[in-house]
Amino acid sequence: MIIRKATLKDAGNIATLLLLSMEDIIFNFINQKDYDTARAFLLHFVKQENNQYSYQNCLVAEEENQIIAAVNLYDGSKLTELRNPIIQYVRFHFNQNFNPEDETQSGEIYIDSLGVDPNQQGRGIGTKLLRFLIHEYAIQNQQILGLLVEEGNPQAKKLYLKLGFKPVGKKTLVGKNLEHLQFGNSK
């Protein structure tokens, strides 16, 4: 398995994979539970530059020339700037009162979402991707990694804790109660 920076040509795969981990959140963004509309919404932004879901902010895991996982991450201090195009788009097309809570903050590299191809799940691919991120960002570059986990997802939380993430607080995002975890030491 190789892990590499995503390119524009990966956009379709990225949108499909990231939607696996954020379907309910995107449904809330677009104010409807329609997979095709949600995927089209996400694909629109993955293909664009300078927004939180851009391919520029993604890594992909590839095996035998097939993308089997994708992760979206960015500097938490840039959330407002990166999210603004999404807020404007949602307000214009779906919900004029859209005003999501901040899900990250300055001082962390935020792992927004991570998705593994359903046919590849159970092989430790998500764990390998997280270990790669820990090595690249927290160990080599001394940065703090942050992520949110749903309170109703104990399996994911157990994995994050096993990898060394620590609880640092609670967050709410479009009606979902989440726990904020971080890896790395704040100085």
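This section describes the geometry of helix 1, its packing against helix 2, and the aromatic pairs of the structure. The model is predicted.

Helix 1 comprises residues 11–30. Although helix 1 has 20 residues, its end C-alpha atoms are only 20 Å apart, short of the 28 Å that a straight helix would reach at 1.5 Å a residue. A bend of about 85° is found in helix 1 at Met22. Met22 itself is among the buried residues of the helix. Ahead of Met22 in the sequence, the buried set consists of Ala11, Ile14, Ala15, Leu17, Leu18 and Leu19; beyond Met22 it continues with Ile25, Ile26, Phe27, Phe29 and Ile30. The residue that follows helix 1 is Asn31, with a positive phi near 65°.

Helix 2 spans residues 35–47. The axes of helix 1 and helix 2 lie 8 Å apart, and the two helices pack at an angle of about 120°. Because angles of 65 to 115 degrees count as roughly perpendicular and those over 145 as roughly antiparallel, helix 1 and helix 2 are classed as oblique to each other. The crossing of helix 1 past helix 2 is right-handed.

Glu49 is placed in the loop between helix 2 and strand 2 (58–63). With a relative accessibility of 44%, Glu49 is partly exposed. Between Glu49 and Leu8, the C-alpha to C-alpha distance is 9.3 Å, although these residues are 41 residues apart in sequence.

Aromatic contacts amount to 10 pairs in the structure. In one of them, the ring centres of Tyr89 and Phe94 are 6.4 Å apart and the ring planes stand at 50°, so the pair is tilted. Both members of this pair are partly exposed, Tyr89 at 23% relative accessibility and Phe94 with a relative accessible area of 25%. In the pair formed by Tyr160 and Phe165, the ring centres are 5.9 Å apart and the planes meet at 65°; this pair is therefore edge-to-face. Tyr160 and Phe165 are both buried.

Tyr89 and Phe94 also belong to one aromatic cluster, together with Phe29, Phe41, Phe45 and Phe98. Of these, Phe29 is one of the buried residues of helix 1, while Phe41 and Phe45 fall within residues 35–47 of helix 2.

Conventions. Residues are numbered from 1 along each chain as its sequence is written. This is a predicted model: local features need pLDDT of at least 70, side-chain atom pairs count only at pLDDT 80 or more; totals for chains, interfaces and linings use all residues. Side-chain values use heavy atoms; hydrogens and water are left out. Rings of Phe, Tyr and Trp (its six-membered ring) pair if their centres lie within 6.5 Å; planes under 30 degrees apart count as stacked, over 60 as edge-to-face and the rest as tilted. Buried means under 20% relative accessible area, exposed over 50%, partly exposed in between (1.4 Å probe, protein chains only). Helices (H or I, at least four residues) and strands (E, at least two) are DSSP runs, numbered from the N terminus. The expected span of a helix is 1.5 Å times one less than its number of residues. The bend at a residue is the angle between axes fitted to the seven residues ending there and the seven starting there. Axes are lines fitted to C-alpha atoms, for helices over the stretch in contact, and angles run from 0 to 180 degrees between N-to-C directions. Angles under 35 degrees count as roughly parallel, over 145 as roughly antiparallel, 65 to 115 as roughly perpendicular and the rest as oblique. A crossing is left-handed if the near helix is turned anticlockwise from the far one by less than a right angle, and right-handed if clockwise.
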